[in-house]
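Here is a quick tour of one chain, from the whole fold down to a handful of local details. Keep the viewer open and follow along.

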Amino acid sequence: MAASTVTKKGSGEASRKWGNDSMWWSVFAIVCIAAAATRFYKVTEPDHVCWDETHFGKMGSWYINRTFFFDVHPPLGKMLIALSGYMTGYNGTFPFEKPGDKYEDTNYVGMRAFCTFLGACIIPFGFLTVWEMTRSLTASSYAAAFLVCDVGMLTLTQYILLDPILLFFIMASAYGIMKFNSFKNRAFSTQWWFWLSFTGVMLACSLCVKFVGMFIVMWIGLHTISELWIILGDLSKPFMYTVKHFAARVVCLIVLPAIIYALFFYIHLKVLYKSGLGDGYFSSEFQSKLEGNSLYNASMPRELAFGAVITLKNHRTGGGYLHSHWHLYPEGVGARQQQITTYTHKDNNNKWIVRRYKEDAPVENDIEGIEFVKHGMLVRLTHEATGRNLHSHREQAPITKKHLQVTGYGESGEGDANDVWIILAEGGKEGDVITTVTSKLLFIHYLQRCMLTTTGKQLPAWASEQQEVTCSPNLRNKNGIWNVEDNFFPKLPNVSFEVYAPSFFERFLESHAVMLQANAGLKPKEGETTSQPWQWPINYKGQFFSGSNYRVYLLGNPIIWWANLVCLAVFAVIFFINSVRYQRGYQDPPHIQEIKTSSLDSCVWLSIGWALHYIPFWGMGRVLYFHHYFPALLFSSMLTGFQ
């Protein structure tokens, strides 16, 4: 009888467990189907370039063609777009010139479908993350429903963009750390190690798509510190147990992601070995590794001589070439003389002739008929294309008013005394010959006693948005360092410059310096739609993805977005009230207290996730767009699912 009773009882428990499991799998299947159906519906429309597809589709083409380029974001997202295009038959020939260009016979669907697939995966990950935090099918379902029904999230994840890739890795990271925590009672088991390593890999991928991925790294870092603090407080375990946990997290959440992150950059620099439009953002040494660049296996004179035609590269991170063109400064901007700028692309207008400060000055021939340019000499730089000299005078620079204006002046190399510059090599002494690439040069104006420099500030449309060049009264200005990159002088023998090619580690560091500086300096283009952080949570203003006959506009579902705001506020109130009650000594029954503590902890971490992905944008000086809010939206939508 007892055996019979036990059997029946066991059968009942098994039946209820199977019922619960089948319900869970049914709901999860509905979530996956809804995500796929809504995201892949009409994924091929419109059949023209939409918004930033013009950038990331073009970059995918450059990967396929092995052509080097510069972008403000790390490489993984673009590499995955290129790989998806290559695997689905795209040959890398479509120009992606501007939004609205018809794809026609171009095989673009593979790249769109890949980004859409990752965008669809965000929703099941959201469901699973909330499930791991709450074990509540209702909360998980609500969180998934909010993500499914938000038309903003749908729109952002249907095109050839970095955002669906970034959001995928952010959600995978969040799920990974929550799944890892579910094995905390089985520490150092195979599953424990797997999910900790999985989280580390997803963190590396998040950061290697966009630097915004740093916020999910910070979130998981704070969560990890909190967990380690709890482990340290468990007096039933020896101190070395905490040390082992700490070491495991260092290996899997710091060392492993760092290795993977560097590996992606290694692949990026190996794949893009041909010279392209992005060369000019990088140093002369960096460019010497790019096949087709004038510095690749370079052979040119080692020394600089009068009469040589040269290009000058600024040492400022991401600095361009000293440049001029026929255009004059507009009325009201200093003297109405020829514009001098820096330009980040190689161009014939970057070429200058090095001339003696006056033609009848005594000649010091180092070799028969050749006079080398030496540290401390007076020189003129004549623009080869226009014949005007590099010139400065007592006029304000166009943007940096404390600096003096630099212009092109004179005719056919004939000008005045304000064209004379003292050339100095950093660390040089009298008699030292200026050398190509390796000499770090300063140009001091002979009369005004100011230094030729670039401020890095973007000039208006009248200068084609190139960068400002000025003469700085600060003779220690760090942006006043230049080097000779190209040196054309047939009277001197050429030597190989391969010995100056940098290592991978040096190129890795320079890539980051250029990206970070370019990110900080991003400014809106004329007529571009931008937004401010206060506008994002209230869904105030979206972004145009496509105009013409097929209009696509990125805007969130107001019901969901405003509900998220309400729930954030409600949670803040609940958390405050609960904290006051706890401080005043009120106690709930143990089973209720356990549920409340678990729920509040989960909500706190989701709130922190929202804040980390939103609040930092208030302090950023770069141009901002509506789509920057969507990582924060993931966390606020999951939080709303709780309530």
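The chain carries 54 positive and 49 negative side chains, and the centres of the two sets sit 10 Å apart. For this count, Lys and Arg are positive and Asp and Glu negative, with His and the chain ends not counted; each charge is placed at NZ of Lys, CZ of Arg, CG of Asp or CD of Glu.

Before going on, note that this is a predicted model: local features need pLDDT of at least 70, side-chain atom pairs count only at pLDDT 80 or more, and totals for chains, interfaces and linings use all residues. Residues are numbered from 1 along each chain as its sequence is written, and side-chain values use heavy atoms, with hydrogens and water left out.

**The whole chain**

The secondary structure comes to 15 helices and 16 strands, taken as DSSP runs numbered from the N terminus (helices H or I, at least four residues; strands E, at least two). Along the principal axes, the C-alpha atoms fill a box of roughly 120 × 65 × 50 Å. The accessible surface is about 29,700 Å², and 61% of that belongs to carbon and sulfur atoms; such areas come from the Shrake-Rupley method with a 1.4 Å probe, and for residues only the protein chains shown count as cover. Of the 643 residues, 53% are buried (buried means under 20% relative accessible area, exposed over 50%, partly exposed in between). Among contacts with a separation of 6 or more, 75% are between residues 24 or more positions apart, where contact means heavy atoms within 4.5 Å.

**A buried arginine**

What is the nearest side chain of opposite charge to R316? It is E468, 9.8 Å away, and R316 is buried without a salt bridge (a side-chain nitrogen of Lys or Arg within 4 Å of a carboxyl oxygen of Asp or Glu). R316 belongs to the loop between β2 (309–314) and β3 (321–328). Beyond its neighbours within four places in sequence, R316 touches T454, T455, G456, Q467, N479 and Q517.

**A nonpolar patch**

W534, I538, Y540, W562, I615 and W618 make a nonpolar surface patch of about 710 Å². Patch residues have over 30% relative accessible area and no salt bridge, with like charges joined within 9 Å and nonpolar side chains (Val, Leu, Ile, Met, Phe, Trp, Tyr) within 5 Å. W534 is in the loop between α12 (504–520) and β15 (543–546), and counts as partly exposed because its relative accessibility is 43%.

**Y241 in its helix**

Y241 lies in helix α10 (residues 239–271). With a relative accessible area of 21%, Y241 is partly exposed. Setting aside neighbours within four places in sequence, its contacts are A187, F188 and I231. I231 is ten residues from Y241 in sequence, and the two C-alpha atoms are 8.3 Å apart.

**Backbone oddities**

Most residues other than glycine have a negative phi, and most peptide bonds are trans. Two residues here go the other way on phi:

| Residue | Phi | Loop | Relative accessibility |
|---|---|---|---|
| R135 | near 55° | between α4 (109–134) and α5 (137–149) | 49%, partly exposed |
| S464 | near 55° | between β11 (451–458) and β12 (467–472) | 47%, partly exposed |

Neither R135 nor S464 is a glycine. Which form does the peptide bond from E45 to P46 take, cis or trans? That bond is cis, with omega near -5°, and P46 is in the loop between α1 (2–40) and α2 (53–65).

Note on methods:
Buried means under 20% relative accessible area, exposed over 50%, partly exposed in between (1.4 Å probe, protein chains only).
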